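Subject: Structure handover

Hello,

Here is the structure we talked about. Please look it over, then read the notes below.

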Amino acid sequence: MNPSSTPSLDRALVWFRRDLRAHDNAALYHALKAARAVWCVFVLDRDILDPLPRLDRRVEFILASLADLDGQLRARQPQARLIVRHGRAVDEIAALAKALGVDAVYANHDDEPQALQRDAAAREQLAALGIALHTSKDHVVFERSEVLTQSGTPYTVFTPYKNAWLKKVDAFYLRAYPTDKYASRLAALAADVAAHLPTLAEIGFEPTNLAALKIPTGSTGARALLDDFLPRIAEYGTARDYPAIKGPSYLSVHLRFGTVSIRELAAAAQAQRSAGAAVWLSELIWRDFYHQILHHHPHVVGHSFKPDYDRIEWDHGAHAEALYAAWCEGRTGYPLVDAAMAQINQTGYMHNRLRMVVASFLTKDLGIDWRWGERYFATHLNDFDLAANNGGWQWAASTGCDAQPYFRIFNPVTQSQKFDPQGKFIRRYLPQLARLPDKLIHAPWTARPLDLQAAGIELGRDYPRPVVDHDDARARTLARFAVVKASAADADADADAD
DNA sequence: TTTTGAGTTGTTCGA
DNA sequence: GTCGAACAACTCAAA
């Protein structure tokens with residue numbers, strides 16, 4: 001007999017949040033190992049859902065993934081059910097834990113500020129009932145203070161962080177939690193506990209086009225995407241740069257909701273040993289990096305990582321609002337930017353290079369606060385993750401840790417010529433420009449009247465003229481950042497004077 | 001403690 | 001068309 005198989009607890013509850021899978025799940029494993037009977041619950045949290053617009057692809061993604069998770073649990077133990085509740089998470093968890101008479105609740109870490117508050121409140125309410133809340137790392141390979149510099153401080157520059165990450169990682173950190181080993185402990189529900197998975201309408205949401213987009217959901221969908229990606233991972237390093245090509249894994253939304261295990265992905269990337277796999281692993285390490293940054297520097301929510309950069313005066317007022325609306329709605333007159341915004345608006349996804357292009361455009365061409373763009377992505381991206389989204393926006397705006405230098409300003413036309421040379425991506429999302437020749441599709445305003453006429457386009461009617469001139473905007477941005485530099489120099493001079 | 005090397009993804013200019 | 005340099009110093013991490 002394996003002594004570790006003797007459970008120390010009678011009953012436990014697993015609280016699923018952003019880890020919607022039954023395999024390789026730390027909290028589920030620890031609960032199954034510890035208790036004789038284990039129940040599983042997900043709470044559709046009203047604190048999160050109620051403020052949302054009634055159309056949100058992510059809510060549908062979650063419901064579909066919950067159905068998948070329920071199926072995964074039943075496949076392991078036919079009487080097992082995923083309990084789904086709709087209410088305030090803390091109250092629902094405490095009530096259910098009490099009703100089931102569990103000794104402990106198990107969950108995985110979520111280091112977003114609001115989630116930490118929620119978990120602290122849950123821990124307190126459960127403690128009042130004499131129930132423990134045990135939490136585990138699951139969402140990242142290394143979290144919090146697991147990767148530190150030699151002097152014991154958190155890294156703020158990616159490359160040395162990555163080197164330390166790679167040095168530390170080994171089979172131990174990437175092994176799967178063998179949840180199947182104790183699957184028989186998944187318990188049936190008593191008759192008075194409902195496991196009902198509500199419909200979209202029952203929680204007050206309207207159907208989106210998620211199903212029409214054929215975005216794979218649940219851990220079953222994630223498995224299909226991974227199987228599709230691994231054969232082309234060697235080409236990822238170059239293919240990922242071209243938005244018209246199927247280069248990425250499209251697993252980001254699954255990493256967001258935990259329908260795939262980060263350990264499995266990192267292990268798969270390491271096993272491949274191709275240049276492309278190394279680049280992809282790097283992207284996974286960026287994800288750990290930004291989660292770790294958020295944990296150590298929670299001020300990045302709402303503020304520049306570098307305080308000096310909070311002195312930047314972004315444009316505001318009616319003109320800025322109008323430019324922002326043009327950006328949101330994809331009518332800036334820069335085809336690659338507009339096509340990218342059409343992609344996010346129509347699908348909830350945007351290609352990574354385009355995220356950089358539109359972020360650079362919003363902050364450096366339109367002079368608009370990166371937080372406006374961050375908020376737009378937060379509400380529109382299916383894969384929205386606070387840590388990565390904030391890190392990405394601050395990188396693009398040059399306000400973040402290890403940010404792009406502020407004078408490195410993307411040229412939306414050059415990016416278009418380089419990464420969508422045949423305008424394939426642009427034509428997919430801006431069919432009104434489809435008949436423009438490849439050479440002109442990146443900057444329609446440079447086309448001769450005859451060329452526009454031949455393509456059936458009248459600027460200002462079928463497609464907007466550019467809302468700003470890139471060269472002018474570039475000069476204004478350099479001036480805007482020069483103010484930061486001056487204020488930083490002043491601060492240094494003040495410090496020297498003291 | 002001091003020194004040294006290095007830093008995701010780019011653009012523009014001039015030769 | 002292609003190439004190298006400048007962009008602007010600054011901070012981090014490690015030796």
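Let me start with one histidine. H303 touches D310, W370, R371 and Q394, leaving out residues up to four places away in sequence. Contact here means heavy atoms within 4.5 Å. H303 sits in the loop between α13 and α14 (318-328). Helices (H or I, at least four residues) and strands (E, at least two) are DSSP runs, numbered from the N terminus. At 42% relative accessibility, H303 counts as partly exposed. The scale is this: buried is under 20% relative accessible area, exposed is over 50%, and partly exposed is in between (1.4 Å probe, protein chains only). The C-alpha atoms of H303 and Y182 are 45 Å apart, with their positions 121 residues apart along the chain.

A word on what you are looking at. This is a predicted model, in which local features need pLDDT of at least 70 and side-chain atom pairs count only at pLDDT 80 or more, while totals for chains, interfaces and linings use all residues. Residues are numbered from 1 along each chain as its sequence is written, chains are lettered from A and ligands numbered from 1 in the order in which they are written, and side-chain values use heavy atoms, with hydrogens and water left out.

Now DNA strand B. Which residues come nearest to it? Of the 18 residues around DNA strand B, they are T159, W286, W395, D402 and R408. A residue is near a strand if one of its heavy atoms lies within 4 Å of it. Sugar and phosphate make up 53% of the atoms of DNA strand B that come within 4 Å of the protein. The surface near this strand divides into 6 nonpolar, 6 polar and 6 charged residues. For these classes, Ala, Val, Leu, Ile, Met, Phe, Trp, Tyr, Cys and Pro count as nonpolar, Asp, Glu, Lys and Arg as charged, and the others, Gly among them, as polar.

Some polar contacts stand out for a first look. The term means a pair of N or O atoms within 3.5 Å; within protein, one must be able to donate a hydrogen and the other to accept it, and residues adjacent in sequence count only if both atoms are side-chain atoms. A polar side-chain atom of W286 lies 3.3 Å from a base oxygen of DNA strand B. R408 reaches a phosphate oxygen of DNA strand B with a side-chain N or O atom, at 2.6 Å. K418 does so at 3.4 Å, also with a side-chain N or O atom. The elements that give two or more residues to this surface are α13, α16 (352-365), α19 and α23 (470-497).

DNA strand C comes next. It has 9 residues around it, and T149, Y155, T156, V157 and F407 come nearest. Sugar and phosphate account for 62% of the atoms of DNA strand C within 4 Å of the protein. The surface near DNA strand C has 5 nonpolar, 3 polar and 1 charged residues. Backbone atoms appear in the contacts here. A polar backbone atom of T156 is 2.6 Å from a phosphate oxygen of DNA strand C. For V157, the distance from a polar backbone atom to a phosphate oxygen of DNA strand C is 3.5 Å. A backbone N or O atom of Q150 also lies 3.5 Å from a phosphate oxygen of that strand.

Back to α19 (residues 412-419). Its buried residues are P412, V413, Q415, S416 and F419. They lie on the same side of α19 because they cover an arc of only 165 degrees around the axis. The arc is that of the directions from the helix axis to the C-beta atoms. N411 caps the N-terminal end of α19, with a side-chain oxygen 2.9 Å from the backbone nitrogen of V413.

Next, the interior. The largest nonpolar core has 95 residues, and W165, W280, W327 and F377 touch the most other members. Such a core is a set of buried Ala, Val, Leu, Ile, Met, Phe, Trp, Tyr and Cys residues joined through side-chain atoms within 4.5 Å. Helix α13 (residues 275-296) gives the most to this core, with 9 residues. A second, separate core of 39 residues includes V14, L49, V84 and L210.

Last, a loop residue. D24 lies between β1 (9-16) and α1 (26-34). Its phi is near 45 degrees, a positive value in a residue other than glycine. D24 counts as buried, at 5% relative accessibility.

Best wishes
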